[in-house]
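Please open the model in a viewer and keep the selection panel at hand. The stops below proceed from one selection to the next.

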Amino acid sequence: MDESILSISGISKRFGGLAALHDVSFDLQAGQIMGLMGPNGAGKTTLVNVVCGFYKPDSGTIRFEGRDITGLPAHKICRLGIARTYQIPQPFGDLTALQNVAVAAMYGRGIGKSAAENAAPDVLRTTDLSDKKDVLARDMSTITLKRLEVARALASHPTLLLVDEPAAGLTEAELPRMLEILESIRQTGTTILLIEHVMKVMREAVDTILVMHQGETLVSGRPDEVMNDTKVVECYLGEYA
Amino acid sequence: MQNTVRRYMPLISLGVVTIVLAVLPKMGVPRVWPLYLFHFFVFLAMANMWNLLAGYSGLLALCPAAFIGLAAYTMTILTWVDVPFYVGIIAGGAAAALFAAIISPSVFRMKGVYFAIGTLVVPEILRLVFLRWRPVGGELHGGGAGYMVKGMAGVTMEHTYWLGLAIGVASVIVMGIILRSKLGLGLAAIRDNDATAASSGIDVFRLKLYSFVIAAFIMGVAGAIFYSYQGYIEPSAGFNIKWLMMALLATVIGGKGIEGGPLVGAIIVVIFHFQLARYGELNLLIQGIVLVIIMLAAPQGIMGLVRDVRKAGGLGALLRSASRGRIRARQL
């Protein structure tokens, strides 16, 4: 498959006696938004950490744009074009929004300081943060920080963006705007892997869904197929639901 | 035009101050002035570099004494093999930088407070080594493992003063350059969140290494200059924890993570150093009490307080908003 931007095959990761990921394989097509869902402890965030180079998988390979990136350190993976956001925002607290974004642009793209500072306002505009330009990240609300996560990830010009629960902590009213932002990122040609629990997001935003359960891939397919799959319903609600 | 002036104002004022300080010893000022200022320069360089590590790179390095002692020993021992002391000063800085690079893979494995503890033992290990190891000169006798600095005939207090001035000013310039560079922003990112820094493309180890090695070099040069003035070094002085206390006090009192902090802090520490010397051991007690008072009144240091006052628009406004904050905190 030529179009697959990320190809995961046979990834396993154990933490002591716990198999957080067991023989996970899937392909992600370029230009898509793929939803990754599953109950707590299914291994979603572990998978993101493995792809981003924070954990080294015990076995299996990860190929990105045809290139084996298994076991590369996190900063190199970022520079190759994979950026991520964190479920709980992890900003650079004592830096302003502009600096947060500029740092990622400088090091993620390998550009100079003034070039990064010139590029940063555009990224802030995309994520509705222009008015927070000079606000320190530690003085921001969770909602704003959620957008800053996306802004920082975007700043490194990723071809693949891993978004870990962008809707968690947002209200119903704030959700549509976040989805618009993600859709506009996809419009620019960025492939997105979206971890989410909020069903509304899954129904509206993604092209395909991959469901994980207890460290393994359970089902994948179009949103309407997946959501009506008995195995998916069982893993969320129990066998006799 | 006005913008250009404003932009280069700090540089111009630094230049003017440097020139004034450079000609000061020739102006017939009281003889203690150069002595006080010499200490100030050395302390300033130390504090600036400690601020680079602890304030801007998130490296709570408790091993400045290792860099001081190692560089000073290198300089001193080189004078025994007929190397001029000013060459030895640079060689000392280089030795400290090399040492920092060598220990970094092991100490950088530790994070936060573990890094602090891990680095705290480093000077102690070196002290024990230099208590037993005499690379030049005869066997130990009487005075312990100390060395005189040789080849200092004709070197006056003025010369030492200028060397001190040079390293003090150099530390200010290096700090200014780093903080305005890509490196400075990258280090600040690591300080704030090293995982996010890595996932934003920052090679965390390499940037920390740069910061550590630069700090070790300048601290080392400052230490070697200081001991060229002392004329004598022995392990329990060169590797003494007092070096750490001095750098830490100056940085924290002045304002950690603030560019001007060490400058203010170093002035206060020098005053302490000379004015409290007559109280002997009580000296440390007094310094400790002053530190506690400053921490209570200005947790961000003196320059931190100044910054907050400026931001709030006056001391009154700051106090009012602080008390409002306290009321709000109680309601929550």
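Begin with the two domains of chain A: 10 residues of domain 1 of chain A are in contact with 11 residues of domain 2 of chain A, two residues being in contact if their C-beta atoms, placed from the backbone, lie within 7 Å. On the side of domain 1 of chain A that touches domain 2 of chain A, the elements that give two or more residues are α2 (74–80) and α6 (175–187) of chain A. The largest share of that side, three residues, comes from α6(A). Helices (H or I, at least four residues) and strands (E, at least two) are DSSP runs, numbered from the N terminus.

To colour the domains, select 4–81 + 159–240 of chain A for domain 1 and 93–157 of chain A for domain 2; such bounds come from an automatic or database domain assignment. The centres of these two domains of chain A, taken over C-alpha atoms, are separated by 24 Å.

This is a predicted model, in which local features need pLDDT of at least 70 and side-chain atom pairs count only at pLDDT 80 or more, while totals for chains, interfaces and linings use all residues. Residues are numbered from 1 along each chain as its sequence is written, and chains are lettered from A and ligands numbered from 1 in the order in which they are written.

**Strands of chain A**

Select strand β1 (residues 4–15) of chain A and strand β4 (residues 59–64) of chain A, which run antiparallel and are joined by five bridges. Strands are taken to pair if DSSP finds at least two bridges between them. Within this pair, S9(A) stands opposite T61(A) in β4(A). Next add strand β5 (residues 67–68) of chain A, which is antiparallel to β4(A) and joined to it by two bridges. Here R63(A) stands opposite D68(A) in β5(A). In the hairpin of β4(A) and β5(A), two residues lie between the strands, and E65(A) takes a positive phi near 50°.

**From chain A to chain B**

Show both chains together. Their contact takes 22 residues from chain A and 16 residues from chain B. On the side of chain B that touches chain A, α7 (182–192) and α8 (194–199) of chain B are the elements that give two or more residues. The largest share of that side, six residues, comes from α7(B).

**Chain B as a whole**

Now display chain B alone. Its secondary structure comes to 15 helices and two strands. The C-alpha atoms of chain B fill a box of roughly 70 × 50 × 50 Å along the principal axes. Chain B has a radius of gyration of 21 Å, which agrees with the value near 20 Å for a compact globule of 332 residues; the radius is taken over C-alpha atoms, and the globule rule is 2.2 Å times the number of residues to the power 0.38.

Buried residues make up 41% of the 332 residues in chain B. A residue is buried if 20 or more other C-beta atoms lie within 10 Å of its own, exposed if 12 or fewer, and partly exposed in between, with C-beta atoms placed from the backbone. Among contacts in chain B between residues at least 6 apart in sequence, 77% join residues at least 24 apart.

**The nonpolar core**

Which residues have the most contacts inside the largest nonpolar core? Select V101(A), L194(A), F43(B), M46(B) and A96(B), in a core of 163 residues. A nonpolar core is a set of buried Ala, Val, Leu, Ile, Met, Phe, Trp, Tyr and Cys residues joined through C-beta atoms within 7 Å. Centre the view on M46(B): leaving aside its neighbours within four places in sequence, M46(B) is in contact with P64(B), M219(B), A222(B), M246(B) and A247(B).

**Helices of chain B**

V32(B) is found in helix α2 of chain B. V32(B) counts as exposed because it has 9 C-beta neighbours inside 10 Å. Measure next from V32(B) to F99(B), 67 residues further along the chain: their C-alpha atoms are separated by 35 Å.

Move to helix α6 (residues 157–179) of chain B, whose 23 residues should span 33 Å at 1.5 Å a residue; the end C-alpha atoms are 33 Å apart, which agrees. The expected span is 1.5 Å times one less than the number of residues. Among the buried residues of α6(B) are Y161(B), L165(B), I167(B) and M175(B).

Finish at I286(B), in helix α13 (residues 282–297) of chain B. I286(B) is partly exposed because 13 other C-beta atoms lie within 10 Å. Apart from neighbours within four places in sequence, I286(B) is in contact with L276(B) and Y279(B).
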